[in-house]
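Work through the three exercises below with the model open. Each task is followed by a solution in steps.

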Amino acid sequence: MKVSRFRDLTLINQENDKFLVIACDSLGGIGNKPHDVVKVPEEVTGYYTARVAVMEVLSIGAEILAVIDTLSVEMEPTGRKIIKGIEKLLGEADIDVTALNGSTEENVPTCQTAMGITIIGEIKKDDIRANKSQKGDYVVLLGIPKMGDEVVNSPDEMCSIKDLRKLLTLGGVKEIYPVGSKGVLYEANHLAKANNTKLKVKENPKVDLKRSAGPASVVIFTIEEKDFPKLEREIDRPLEVIGQLI
């Protein structure tokens, strides 16, 4: 089959031994318009909506080729501010802003913020970080789950784009799963099942593993027990072994 799914990603099989990797995310009612339910600056709206899909594509090792925003608001002033937030995120991810394109709503006045984003990447089939984990691997949490106002108020406790980039370069890291609204435990069990294993959860974890992690505020990853101490010295954000694959 030419098109397949992995987690929230669409993989398109190319004839050149590569996959096109596509992720998307959407948002509504969060911004600075009169009928928005959650009031935040428009730059924050753009930044965190882009963050989710960018992290999904980066997490399997793909190179990002294109970023498409579909903004259901006018360009001036709301759209321009949202795009500024997206551009900030792309800068942190070392993605050239020329990869960004999109559209806005210029025909109908809008009273509530809404947007979508699509990320397109590419990766060699042999390099994809999917279904690489094995029995005995640690499942490690990077960051503390945040949602709502916590996202803006406690950014130093979240997994940043730079942290994710660093994980991709460190030896021993096998798979990386960004965690969003379904929570850490859901994603960890999904990872275990995808690798034909089961998750043995550590007793008394420091964080609530069922709590929403909002806009991919944390990631989980797998690594062999022997490789964990070295990696732990390389990461300055909160790290916790939450379980092991059995």
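**Exercise 1: the sheet**

In this predicted model, an open sheet of 5 strands runs in the order β10-β12-β9-β13-β11, and the pairing is antiparallel. Determine which strands stand at the edges, and find what packs on the sheet.

Solution.
- Step 1. β10 (176-179) and β11 (199-201) each have a single partner strand, so they are the edges, and one side of each lacks a neighbour in the sheet.
- Step 2. The average turn between neighbouring strands is 30 degrees, direction ignored.
- Step 3. Take the edge strand β11: it pairs with β13 (residues 239-245) in the antiparallel sense over 3 bridges. V201 has G243 of β13 as its bridge partner.
- Step 4. Helix α5 (residues 184-194) packs on this sheet and touches β9 (138-142), β10, β11, β12 (218-223) and β13. The direction of α5 makes about 150 degrees with that of β10.

**Exercise 2: the core**

Identify the residues with the most contacts inside the largest nonpolar core, and trace the contacts of L231.

Solution.
- Step 1. The core has 76 residues, and V21, V54, I86, L167, I220, F221 and L231 have the most contacts inside it.
- Step 2. Helix α1 (residues 42-59) contributes the most, with 9 residues.
- Step 3. Setting aside neighbours within four places in sequence, L231 contacts L167, L170, V173, F221, I223 and L239.

**Exercise 3: the pocket**

Which element gives the largest share of the lining of the largest pocket?

Solution.
- Step 1. The largest pocket has a volume of about 470 Å³.
- Step 2. Its lining has 20 residues, with L27, I30, Y48, G148 and P215 nearest the centre.
- Step 3. β3 (18-28), α1 and α3 (149-153) each supply at least two lining residues.
- Step 4. The largest share comes from α1, with 5 residues.

Key
Residues are numbered from 1 along each chain as its sequence is written. This is a predicted model: local features need pLDDT of at least 70, side-chain atom pairs count only at pLDDT 80 or more; totals for chains, interfaces and linings use all residues. Side-chain values use heavy atoms; hydrogens and water are left out. A nonpolar core is a set of buried Ala, Val, Leu, Ile, Met, Phe, Trp, Tyr and Cys residues joined through side-chain atoms within 4.5 Å. Buried means under 20% relative accessible area, exposed over 50%, partly exposed in between (1.4 Å probe, protein chains only). Helices (H or I, at least four residues) and strands (E, at least two) are DSSP runs, numbered from the N terminus. Contact means heavy atoms within 4.5 Å. Two strands pair if DSSP finds at least two bridges between them. Axes are lines fitted to C-alpha atoms, for helices over the stretch in contact, and angles run from 0 to 180 degrees between N-to-C directions. On a 1 Å grid over the protein atoms alone, a cavity is a set of points where a 1.4 Å probe fits but cannot get out, and a pocket is an open set with protein on both sides within 12 Å along at least five of seven lines; lining residues have an atom within 4 Å of a point. Grid points are joined across faces, edges and corners, and a volume is the space filled by probe spheres set on the points.
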